[in-house]
Amino acid sequence: MCYVKQVMKRGADIVGSLFGMILFMITYILVYPIIKIQSPGPILFKQKRVGKNGKIFNLYKFRSMHVGSEQALEALKIKNQYNNEYMFKIQNDPRIYPFGRFMRKYSLDELPQFWNVLKGDMSLVGTRPPIVSEYEKYELQYFKRLTIKPGITGIWQVTGRNRFLDFEDVIKMDVSYINNMSFLLDVKILCKTIAVVIRKEGH
């Protein structure tokens with residue numbers, strides 16, 4: 001991506017994340033007592049993710065699962081909906097408490113990631129940031145998706161993520177985005193993201 005496009009993308013990220021941080025802080029005040037009642041523990045969930053050029057950073061979300069849920073993951077992998085070892089999701093995940101399910105339905109759990117965008121670890125639009133254990137299993141052809149900053153949203157998320165169970169399809173969408181990156185494409189994806197959230201297709 002040329003220097004001008006980089007400046008435009010970073011400028012859009014800063015402006016967008018500043019507005020997003022306002023929404024995040026308002027939401028934090030509203031969800032704080034509900035999370036504390038339904039699932040005592042930290043309000044925010046912090047997880048190591050892999051960003052541009054393999055940089056490790058802390059990704060933040062509103063905690064939608066009970067404390068200690070990461071330790072229960074191994075026993076649930078047999079139920080994984082995705083037919084690969086690079087992504088994980090199951091129907092009716094028992095680790096998610098009721099309000100956590102509500103937050104995921106409307107993608108409210110993603111709001112703290114505006115802080116990641118403001119810091120420069122992420123972009124508003126990009127590729128999905130893998131967790132470290134996924135990254136460590138990557139084959140050579142998968143590393144191209146790490147040549148840009150990961151995004152809060154992206155082509156995969158707005159195209160119907162549950163329809164693509166093969167990681168190769170995700171890679172094709174990521175490479176397509178990387179090869180065609182533009183300000184207008186980002187605007188289009190952001191608009192589609194809003195529509196997806198309104199239709200309650202966030203997860």
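This passage describes the fold, the nonpolar core and several individual residues of a predicted model.

The protein chain contains 8 helices and 4 strands. In sequence order these elements are arranged as α-β-β-α-α-α-β-α-β-α-α-α. The radius of gyration is 17 Å, close to the 17 Å that the globule rule gives for 203 residues, so the protein chain is as compact as a globular protein of that length. The C-alpha trace spans about 50 × 40 × 30 Å along its principal axes. Among contacts between residues at least 6 apart in sequence, 69% join residues at least 24 apart.

With respect to solvent, 44% of the 203 residues count as buried. The accessible surface of the protein chain comes to about 11000 Å², and carbon and sulfur atoms account for 63% of that area. The protein chain carries 31 positive and 17 negative charges, and the mean positions of the two sets are 6 Å apart.

In soluble globular proteins, nonpolar side chains tend to be buried together. In the present model the largest nonpolar core comprises 37 residues, of which I35, F62, F167 and Y177 touch the most other members. Two or more residues each are given to this core by α1 (3–38), β2 (56–62), α3 (98–105), α4 (113–119), β3 (123–125), α6 (155–160), α7 (167–179) and α8 (183–198). The largest share, 6 residues, comes from α7.

The surroundings of F62 were examined further. Not counting residues up to four places away in sequence, F62 touches F24, T27, Y28, V31, I43, L44, F45, M103, L108, D109, L111 and P112. The adjacent position was treated in the same way. K61 lies in strand β2. Its relative accessibility is 17%, which is under the 20% cut-off, and K61 therefore counts as buried. With residues up to four places away in sequence again set aside, K61 touches I43, L44, F45, R49, D109, E110, P112 and Q113. The contacts of K61 thus include the charged residues R49, D109 and E110.

Two residues other than glycine were noted for their backbone angles. N53 has a positive phi, near 60°, and is found in the loop between β1 (44–50) and β2. The relative accessible area of N53 is 64%; this is over 50%, so the residue is exposed. S107 likewise has a positive phi, of about 60°, although it is not a glycine. This residue is found in the loop between α3 and α4. In contrast to N53, which is exposed, S107 is buried, with a relative accessible area of 15%.

A further loop position, Q141, lies between α5 (132–135) and β4 (151–153). Q141 has a relative accessible area of 43%, which falls between the 20% and 50% limits, so it is classed as partly exposed. Leaving aside neighbours within four places in sequence, Q141 is in contact with E168 and I171. Both of these residue numbers fall within α7 (167–179), the helix that gives the largest share of the nonpolar core. The C-alpha atoms of Q141 and I34 are separated by 43 Å, and the two residues are 107 positions apart along the chain.

Technical notes
Residues are numbered from 1 along each chain as its sequence is written. This is a predicted model: local features need pLDDT of at least 70, side-chain atom pairs count only at pLDDT 80 or more; totals for chains, interfaces and linings use all residues. Side-chain values use heavy atoms; hydrogens and water are left out. The radius of gyration is taken over C-alpha atoms; the globule rule is 2.2 Å times the number of residues to the power 0.38. Buried means under 20% relative accessible area, exposed over 50%, partly exposed in between (1.4 Å probe, protein chains only). Contact means heavy atoms within 4.5 Å. Accessible areas come from the Shrake-Rupley method with a 1.4 Å probe; for residues, only the protein chains shown count as cover. The place of a charge is taken as NZ of Lys, CZ of Arg, CG of Asp or CD of Glu. A nonpolar core is a set of buried Ala, Val, Leu, Ile, Met, Phe, Trp, Tyr and Cys residues joined through side-chain atoms within 4.5 Å.
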